[in-house]
Amino acid sequence: MTMRSRTKSCLSPKTLAIAMGLALIANAVSAQEMDHSKMNMPMPEPAVKTPAPAKKAAAQAPVKKAPPKQAPLKKRSATAAPKPTMDHSTMHGMDHSTMPMPAGDTSMPGMDHSTMPMPAGDPSMPGMDHSTMPMPAGDSSMPGMDHASMTMAPTDPREPIPMLTAADRAAAVPPSGGHAVHDNSIQTFLLLDRLEAWNANPGTGFEWEGQGWIGTDLNRLWLRSEGGQVAGKLESADLEVLYGHSVATWWDVVTGIRHDFKPGASQDFAAFGVMGLAPYKFEVQATAYIGQGGQTAARFEAEYETLLTNRLILQSLVEVNLYGKNDERRGIGSGLSTIEAGLRLRYEVTRKFAPYIGVVRERAFGRTADLLQLDGKDINDTRVVAGLRLWF
């Protein structure tokens, strides 16, 4: 084979492709190498400096424009560590411990920050011993500190609290207004709970019920009365005079006398019982009586008020009367005598003056019902009433 034929075979297309690939790879590798002469970063000077070769300086010389006055890179001595290749994307592999860095910059990994000068009191960089650093007084946001050995300056209030005087204490107590809290003065109260009229058959009916007292919070003299008339004729009337003593909150024990004016001839009873405010705000009166001739009686009354508005109030009332023996002269039979139930709706123009309307039903039982029928009276009476509620 001749030299021409051998050369022709070496320049075949396959050989040219391989050569071009190797050239491209060499160019890519050389592009990754850093040209430190173009970096505007101060570099540490090695301990032993030697002049750089002419070829390397020529290769690193810029083509278009020379950089600012910069010390040329010099080759390290044999005793110095070889200069690593620097990757500018992550800057790994570079020894930053000998480079002056801005204080507090921890954005570059791989650096030994323990040898760098740091501003006092900056705990943002790991690996530092903060116990030896001067700290501002009163800052407890850094762990590892012994706060017991720190001396704190005492702080005085801006405005000292003045001492209390007798005038200050007197101004803090509201005026009594003539009624002391724990006094024992005598008071009075009078309530006309029912003062009403209705259309009866025959004529017009009229009825009242009221109570009042005079005394102190613990001891009182009570007056109670109720009665009614029909067509101008008095059907029933009684008056009770009782002594009441408070035995519990809202509860009094009462004892005294009762005098019946009607029906029939007048009659007296000895009375004793209790009165007060039961749970759920039921006003209760329960009284027992012992009368002349061995007659006994009992009266039970319960009242409840429902506030529909601040001024519109619905009052419910139930009254039960019982007797121990028959008294035909007064139209009274033994046992359960009468039950009266009523609903009254009142409007309080003021607390002391309230007109009302209502419905009342009264029924007689047992021997009392028989005596009423013999006298020509109804044992079931339903009526619509209108009246006033007053208190003084």
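Two residues are in contact when they have heavy atoms within 4.5 Å of each other. With that cut-off, this report describes some residues of a predicted model.

**The chain as a whole**

The chain is built with 5 helices and 14 strands. It has 392 residues, of which 26% count as buried. Among contacts between residues at least 6 apart in sequence, 42% join residues at least 24 apart. The area that the chain exposes is about 26,800 Å², and carbon and sulfur atoms supply 62% of it.

**Glu 340**

Glu 340 is found in strand S12, which covers residues 335-347. Leaving aside neighbours within four places in sequence, Glu 340 is in contact with Arg 194, Glu 207, Leu 317, Val 318, Glu 319, Val 360, Arg 361, Glu 362 and Arg 383. With Arg 194, there is a polar contact from side chain to side chain, at 3.0 Å. Glu 340 counts as buried because its relative accessible area is 12%, and the cut-off for buried is under 20%.

**Glu 196**

Glu 196 has its place in strand S3, residues 187-199. The relative accessible area of Glu 196 is 1%, so this residue is buried. Apart from neighbours within four places in sequence, the residues in contact with Glu 196 are Gly 205, Phe 206, Glu 207, Arg 344, Tyr 356, Val 360, Val 385, Ala 386 and Gly 387. Glu 207 and Val 360 are thus among the contacts of Glu 196, and they are also among those of Glu 340. Val 384 is 188 residues away from Glu 196 in sequence, while the C-alpha to C-alpha separation in space is 9.9 Å.

The side chain of Glu 196 makes polar contacts with the side chains of Arg 344 and Tyr 356. The table lists these together with the polar contact of Glu 340.

| Side chain | Partner side chain | Polar contact distance |
|---|---|---|
| Glu 196 | Arg 344 | 2.9 Å |
| Glu 196 | Tyr 356 | 2.7 Å |
| Glu 340 | Arg 194 | 3.0 Å |

**The cavity**

Rolling a probe the size of a water molecule over the atoms shows where empty space is left. A search of the whole structure finds 1 cavity of 30 Å³ or more. The volume of the largest cavity is about 30 Å³. Its lining consists of Asp 193, Gln 315, Arg 344, Arg 346, Tyr 356 and Arg 389. By class, the lining residues are 1 nonpolar, 1 polar and 4 charged. Arg 344 and Tyr 356, which belong to this lining, are also in contact with Glu 196.

**Backbone features in two loops**

Most residues other than glycine have a negative phi, and most peptide bonds are trans. Some places in this chain depart from that pattern.

The peptide bond that runs from Lys 262 to Pro 263 is cis, and its omega is near 5 degrees. Pro 263 lies in the loop between strand S7 (251-262) and strand S8 (267-278).

The loop between S8 and strand S9 (282-291) holds Tyr 280, and Lys 281 has its place there too. Tyr 280 is not a glycine, yet its phi is positive, at about 65 degrees. Lys 281 likewise has a positive phi, near 65 degrees. Are these residues buried or exposed? Tyr 280 is exposed because its relative accessible area is 72%. Lys 281 has a relative accessibility of 64%, so it counts as exposed as well. The cut-off for exposed is over 50%.

How values were computed. Residues numbered from 1 in each chain as written. Predicted model: local features only at pLDDT ≥ 70, side-chain atom pairs only at ≥ 80, totals over all residues. Heavy atoms only, no water. Helix = DSSP H or I, 4+ residues; strand = E, 2+ residues; numbered from the N terminus. Buried < 20%, exposed > 50% of the residue type's maximum accessible area, 1.4 Å probe, protein only. Polar contact = N/O pair within 3.5 Å; in protein donor to acceptor, adjacent residues only side chain to side chain. Areas by Shrake-Rupley, 256 points an atom, 1.4 Å probe, with all protein chains shown as cover. 1 Å grid on protein atoms, 1.4 Å probe; cavity = no way out; pocket = protein on both sides within 12 Å on 5 of 7 lines; lining within 4 Å. Points joined across faces, edges and corners; volume = space filled by probe spheres on them. Nonpolar A, V, L, I, M, F, W, Y, C, P; charged D, E, K, R; others polar.
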